[in-house]
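Biologist: Could you walk me through this one? I'd like to hear the reasoning behind each label.

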Amino acid sequence: MLTLSIACTVAAIAWLYLVAAHGGYWRTSQRLPRVSTEPDAWPDVVAVVPARNEAEMLPVTLPALLGQEYPGALTVIVVDDGSSDGTGEVAAKLGAGSARPLRVISGAPPPDGERWAGKVWAMAQGLRAAGPGPDGYLLFTDADIAWEAHTLRRLVAAAEGDDRDLVSQMALLRTATGWERVVVPAFVYFFAQLYPFRRVNVPGSRTAAAAGGCMLIRRGALEKAGGLAPIRGALIDDVAMGRMIKHQRGRCWLGVTQQVVSVRPYPRLASLWQMVARSAYTQLRYSPVLLAATLAGLLFLYVLPPAGAIAGLAAVLALPPAAAGLAGASGAAAALTLGAGLAGWALMSLSYLPMLRLYRLSPLRAPGLPLIALLYAAMTADSARRHYAGRGAQWRGRTTDTR
C-alpha cells in the first residue's frame, strides 16, 4: 500500500502541474479574436478542398463555403482525389449556380519516385491550380466542414489585424451518437494536451500545430517555406504545416470554434476507432519506445488515480478499529492513497469540464475520463499493430504502408 500511496501522490502532483502550468491546455478560451478595424482592401483568397469519395458530404458543405460573406475575391478549387462516387460531378453541379468561381480538377498520381501522403498531394495539386502569386491567402479545408457565413471574413480580419501567417480553427466535431459523445471531446482534449493552444499562439514558442479542417495561410509564407514539398510525406498534415510555418519564424494562431463544424458522421465505435488508429502511431514517429512511454503515461495519469482511490477506500474500510502499530502505519498509507487518488481524479475531471461544456455535454461525464483514456490506449496500441502488419494509415478507401 505504501508504494501505491507514493505513486498516487506523484500522479496527483503531475495533475497539479498539468492544470496549473501546462499552457492552460484544458481551457477553451482560445477563440478567434475580434478585431476593431477591418482591412481597407480585402486580400484574395483561394480555398482548396481535397475531396475523395465525398459525393454525400459536398451538397451539405460546399454551398456554405461558396456563400461566404467575404468582401474580397474568393475562388474555390475542389480536387477530386481519385473518387469513385462521382465527387467531381457533384462539385461541378454545385458550383454552376454560384456567384463565386469554382474549379474542379481531377487528381493525378504523384511523380515517379516521389512519395506523397494522399491528402497532401491533393492539396499540392490545388495549390498548383491556384497559380503563382505571393499576395493573398490560401484556405485549406476539408470536404466535411460546414462554415457559417461570416467565418472567412473573421479569419482574414484576424490574420491581417494581428499579422499572422497561419490562422487555424479546430472544427467542432459531430457528437450526435453515443460513441461520438464519448470519443470526440476526448480527442480534442488529448490533442490540446499535446499541443496547448495558448503556447502555439505565442510567437517564437516551440509548440506548433494546426487543425486541418480550417487552415488560412498567407501565400507569401507558404512560398517562403517551399510550398508543400517539405511536408509531402506527412500523414498528420496539419501539425506538420504548423511546424513548417513556425520553423521559419512565422506567426501562428490556433483556437477552438463553434462556427466551423464537421458534419462527418461516426455512427459506430469502429469508425471512431479508425479515425484515431490511422494516425496515432504516426504521431509517435513509429517509435516503440515512445509507444511504451505513451501507454505507461496514459495508465499512470488517468487510470492510477481512480484505481488508487478505490483501493485506498477499500483498505480504509478493512482496517481494524485499533490504530496502533502496524495498523496505524497501514491506516496512514491507506488514507494517503485514498486522498491522493481522489485529488488526482478530481483534478483530471475538473480539467475535462470546459471541453464538455464546449460540446454541450453533461459535466457528469467528466469522472469517466479514465475509461476513455483506456480506450485511447487500446486505439494507440492497435495503430502500432496495424503499422507492423503493413496496413498503416487507412482512410476513405486508401491504405498507406507506413513501414
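Modeller: Sure. Let's begin with rings: those of Phe, Tyr and Trp count as a pair if their centres lie within 6.5 Å, and planes over 60 degrees apart make the pair edge-to-face. Bear in mind that this is a predicted model. Ring pairs link W15, Y25, Y189, F190, Y302, Y352 and Y376 into a cluster.

Biologist: How many aromatic pairs does that rule give?

Modeller: The count is 12. One of them is Y25 with Y189.

Biologist: What makes Y25 and Y189 an edge-to-face pair?

Modeller: Two numbers. The centres are 5.4 Å apart and the planes make 65 degrees. The limits are within 6.5 Å for a pair and over 60 degrees for edge-to-face, so Y25 and Y189 qualify as an edge-to-face pair.

Biologist: Which parts does that pair tie together?

Modeller: Y25 sits in the loop between α1 and β1, while Y189 belongs to helix α6, so the contact joins parts 164 residues apart in sequence.

Biologist: Why are Y25 and Y189 called buried?

Modeller: Buried means under 20% relative accessible area. Y25 has 2% and Y189 has 1%, so Y25 counts as buried, and so does Y189.

Biologist: Now the sheet. How do you know that β1 and β2 pair?

Modeller: Pairing takes at least two bridges. β1 and β2 share seven, in the parallel sense. Among the partners, A51 is bridged to D80 and V46 to T75. The chain gets from β1 to β2 through helix α2, in a right-handed β-α-β crossover.

Biologist: And what makes β4 a partner of β1?

Modeller: Four bridges, again set against the minimum of at least two. These two strands run parallel, with V45 opposite Y137 in β4.

Biologist: In what order do the strands of the sheet come?

Modeller: β3-β2-β1-β4-β7-β6-β8-β5, eight strands in an open sheet with mixed pairing.

Biologist: Why are β3 and β5 called edge strands?

Modeller: Because each of them pairs on one side only. As for the twist, neighbouring strands are turned by 30 degrees against each other on average, ignoring direction. Helix α4 packs on this sheet and touches β1, β2, β3, β4 and β7. The direction of α4 makes about 145 degrees with that of β1.

Biologist: What makes β1 "mostly covered"?

Modeller: Seven of its seven residues are buried. V45, A47, V49 and A51 point one way, and V46, V48 and P50 the other way.

Biologist: Why do you call helix α9 largely enclosed?

Modeller: Nine of its 11 residues are buried, so the rest of the structure largely encloses α9. The buried set includes D237, D238 and K246, along with M241 and I245. After α9 comes R249, with a positive phi near 65 degrees.

Biologist: Last one: where is the kink in α11?

Modeller: At V303, shortly before the proline P305, and the bend is about 45 degrees. That angle is taken between axes fitted to the seven residues ending at a position and the seven starting there. Buried residues of α11 include Y302, L304, P305 and P306, and Y302 also belongs to the ring cluster.

Key:
Residues are numbered from 1 along each chain as its sequence is written. This is a predicted model: local features need pLDDT of at least 70, side-chain atom pairs count only at pLDDT 80 or more; totals for chains, interfaces and linings use all residues. Side-chain values use heavy atoms; hydrogens and water are left out. Buried means under 20% relative accessible area, exposed over 50%, partly exposed in between (1.4 Å probe, protein chains only). Rings of Phe, Tyr and Trp (its six-membered ring) pair if their centres lie within 6.5 Å; planes under 30 degrees apart count as stacked, over 60 as edge-to-face and the rest as tilted. A crossover is right-handed if, with the strands pointing away from the viewer, the path from the first strand over the helix to the second runs clockwise. Axes are lines fitted to C-alpha atoms, for helices over the stretch in contact, and angles run from 0 to 180 degrees between N-to-C directions. Contact means heavy atoms within 4.5 Å.
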